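Here is a short report on a predicted model. It takes up a helix, the ligand site and the aromatic pairs in turn.

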Amino acid sequence: MASGDGLLVRVRPRFGRLTRDQLLALCDAAETYGSGLIELTSRANLQLRGVSEASWPGLMEALVEHGLVAADPEAERRPQLLLAPDWRAGDATNQVGRLLEARINELPALPAKWGLAIDAGAAPLLSEASADLRIERAASDALLVRADGRARGTPVDSPTAAVELLIRLAHWFVASGGIHAGRMRRHEAPLPPWAPASTPPASTLPIRAGQPMALGRHPTGRVLGLPFGRASAATLRALIGAESVDAGSVSAVRVTPWRRLLVEGVPTSETFQEQVPPGLVESEGDPRLAMQACPGAPHCEQASVATLGLARALAERRLIAGSLHLSGCAKGCACRQPTDLCLTGRAGRYDLIIGGRADGTPAATGLSESDVIEYLEKNRNALRL
Ligand code: SF4
């Protein structure tokens, strides 16, 4: 799709997992055809930015060759299957994913934003992630099919039955006029009698630092954060290509909706910590995990300022407790919503906007990076940021 900085190309890794070879191919593609940055979205997709119309066909060829994009464009229009990132081969999440994948063509034509969450572990991880139908686990351990926006779902007795019911509900959504609402959450028609919303999902696990998957050690490997939700191709290549006795064993990377990667097969020993490339985050307290920042200069031709340097400086000083958006220009590609503080590049300087979007009315204009820091240090209490 078109964006302020050229074409934006979104990759939906199958079951949210990229093999080492696929990730290396994606890194090469990002550098050859795009800006060299790889973004992770809140729907666990990977995005390349800064792609030109001229380079798009070559990029598609490379992505199809490595199984990162389906050769058939129709397949890419099917709803995304978002799997709980901690799935294991043969577990219920993985089984349902395979069954649903095999029957995906039985789904009706659905709105482009539709998604399906498969979250069949002992406790749901994806409750806050965007999806229209969910397959989860009830407290009784039964599988549950739940329409988004409804607190309860319908229990079923097997993965096959769960997939059957999900497909039937997708057809019901269309037949009952859901296309006009667009998303299941906004579709107010009462659920059909054959899909009673009778049973709540199991409770979520206690969440550390607001995140379902904590940074650090994980039974599958290690969870690492992406500052501002992105990493350079060079950083990811360094991660999986890190050469040492331990780190040589990285076998695959899983994407999550939480600006985090689950790196499979890395050692859980303390020695790995030293090998985490600097462009990744291991500390929950790092403010860059929550900040919004577009790539800025030199990655985007529309930008007259380098957003990421100032974002890092603000994070280091911990000047902002609220939400922050740094935008290279007034287009505001990284965030369409108002934030507590927004800094927008204009003619090589920053406009400072309180409680608005990148194109909002500034409270101060023409600031250099040091002016911004000085302004915030002086006005921090008054602004309550
Ligand atoms: S500078 Fe940022 S906001 Fe402006 S077009 Fe480029 S990516 Fe979008």
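## Helix α8 and the residue after it

R318 adopts a positive phi of about 50 degrees, just after α8. The helix itself covers residues 307-317. Its buried residues are T307, L308, L310, A311, A313, L314 and A315. An α-helix has 3.6 residues a turn, so residues three or four places apart point the same way.

## The ligand site

Where does the ligand sit? It occupies the largest cavity. The shell around the ligand holds 13 residues. The closest are G4, C294, C300, C329 and C333. By class, 6 residues of this shell are nonpolar, 5 are polar and 2 are charged.

## Aromatic pairs

How many aromatic pairs does a search of the whole structure find? There are 2.

Take F15 and W87. Their ring centres lie 6.0 Å apart and their planes meet at 85 degrees, so the pair is edge-to-face; the cut-off for that class is over 60 degrees. This pair links distant parts of the chain, 72 residues apart. F15 lies in the loop between β2 (6-11) and β3 (17-19). W87 lies in the loop between β6 (80-83) and α4 (92-102).

Are these two rings buried or exposed? F15 has a relative accessible area of 6%, so it counts as buried. W87 is buried as well, at 8% relative accessibility. The cut-off for buried is under 20%.

The other pair is W114 with F173, and it is tilted. Its centre-to-centre distance is 4.7 Å, with 55 degrees between the planes. Here too the pair links distant parts of the chain, 59 residues apart. W114 belongs to the loop between α4 and β7 (115-118), while F173 is in helix α5 (residues 159-175). W114 is buried, with a relative accessible area of 1%. F173 is buried too, with a value of 0%.

The geometry of both pairs is set out below.

| Pair | Centre to centre | Angle between planes | Class |
|---|---|---|---|
| F15 and W87 | 6.0 Å | 85 degrees | edge-to-face |
| W114 and F173 | 4.7 Å | 55 degrees | tilted |

## Charges over the rings

Which residue lies over the face of F15? R14 does, at 4.3 Å from the ring centre. W87 has an arginine over its face as well: R254, at 4.2 Å from the ring centre. F15 and W87 are also the partners in the edge-to-face pair.

Notes: Residues numbered from 1 in each chain as written. Predicted model: local features only at pLDDT ≥ 70, side-chain atom pairs only at ≥ 80, totals over all residues. Heavy atoms only, no water. Near = heavy atom within 4 Å. 1 Å grid on protein atoms, 1.4 Å probe; cavity = no way out; pocket = protein on both sides within 12 Å on 5 of 7 lines; lining within 4 Å. Sits in = over half its atoms within 2 Å of the grid points. Nonpolar A, V, L, I, M, F, W, Y, C, P; charged D, E, K, R; others polar. Phe/Tyr/Trp six-rings, centres within 6.5 Å; stacked < 30°, edge-to-face > 60°. Helix = DSSP H or I, 4+ residues; strand = E, 2+ residues; numbered from the N terminus. Buried < 20%, exposed > 50% of the residue type's maximum accessible area, 1.4 Å probe, protein only. Lys NZ or Arg CZ within 6 Å of the ring centre and 35° of its normal.
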